[in-house]
Amino acid sequence: MNHIERRDREMPYISDDAVFEQQKRARILTQKLNTTDRADFDTIREIVKELLGKSENAFINPPFYCDYGFRIEVGKNFFANYNCTILDVGKVLIGDDCQFAPNVSIYTAGHPVHPDSRKSMYEYGIDVTIGDNCWIGGNTVICPGVHIGDNVVIGAGSVVTKDIPDWTVAAGNPCRVIRKITDADRKFYYKNREFDGEAWAHITQMGLAGTSEK
């Protein structure tokens, strides 16, 4: 197998000339994205659509950094705030309606622990998956191989090293589940602050006030 094939099978591989050649497209497009007029939202959307392997109505606030771009697939209405970094050596699969706060980093890539093995220049990439309707807090780091379920909130500053189940709030270093998300959370927008009557009426009109917990 060549090293691209090894990389794509989550096997140890070496970043040879063929691997670097695949990265050129992402470097060209991220440079274009990161130097575009920040108020030119339409152009930003067009570059993001071209960069990512799959997307529908995705928006990324530059600056943004990735290795390949085509190894990132996001669902509908994805949003990433400033200074997001995705090392997409392994595939990164993100569901619908996900939001990233500033400085979120996803690292599918890694290196051997032992220094002699690391000097061999072999590295690896292991896929990361994030479900639907997730909110990832600022300065969160998601490590190789992690699976985050649907309807999850990850608190700011977390380092996610293990899988996180559906319908949970998780935070910390290492990130751990703090509690389940229940229907009682629906009327609150921040801690114990409830939506005002006007906002709640609007939410009701959108059909989002009923019970949908799994």
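This text walks through a pair of packed helices and then the largest pocket of a predicted model.

The helices come first. Two packed helices are described by the angle between their axes and the distance between the axes. Here the pair is helix H2, residues 17–34, and helix H3, residues 41–51. Their axes stand 10 Å apart and make an angle of about 165°. Angles over 145 degrees count as roughly antiparallel, and H2 and H3 are therefore roughly antiparallel to each other. Their crossing is left-handed. On the H2 side, the contact is made by Arg25, Ala26, Leu29, Thr30, Lys32 and Leu33. Ile44, Ile47, Val48, Glu50 and Leu51 make it on the H3 side. Sorted by class, the residues of this contact are 7 nonpolar, 1 polar and 3 charged.

The second feature is the largest pocket, with a volume of about 1400 Å³. It is lined by 35 residues, and those closest to its centre are Trp135, Val153, Ile181, Asp185 and Phe188. Several elements each supply at least two residues of the lining. They are strand E17 (153–154), strand E19 (168–171), strand E20 (176–180), strand E21 (188–190) and helix H5 (197–205). Which of them gives the most to the lining? That is E21, with 3 residues. By class, the lining of this pocket is made up of 18 nonpolar, 10 polar and 7 charged residues.

Technical notes
Residues are numbered from 1 along each chain as its sequence is written. This is a predicted model: local features need pLDDT of at least 70, side-chain atom pairs count only at pLDDT 80 or more; totals for chains, interfaces and linings use all residues. Side-chain values use heavy atoms; hydrogens and water are left out. On a 1 Å grid over the protein atoms alone, a cavity is a set of points where a 1.4 Å probe fits but cannot get out, and a pocket is an open set with protein on both sides within 12 Å along at least five of seven lines; lining residues have an atom within 4 Å of a point. Grid points are joined across faces, edges and corners, and a volume is the space filled by probe spheres set on the points. Helices (H or I, at least four residues) and strands (E, at least two) are DSSP runs, numbered from the N terminus. Ala, Val, Leu, Ile, Met, Phe, Trp, Tyr, Cys and Pro count as nonpolar, Asp, Glu, Lys and Arg as charged, and the others, Gly among them, as polar. Axes are lines fitted to C-alpha atoms, for helices over the stretch in contact, and angles run from 0 to 180 degrees between N-to-C directions. Angles under 35 degrees count as roughly parallel, over 145 as roughly antiparallel, 65 to 115 as roughly perpendicular and the rest as oblique. A crossing is left-handed if the near helix is turned anticlockwise from the far one by less than a right angle, and right-handed if clockwise. Contact means heavy atoms within 4.5 Å.
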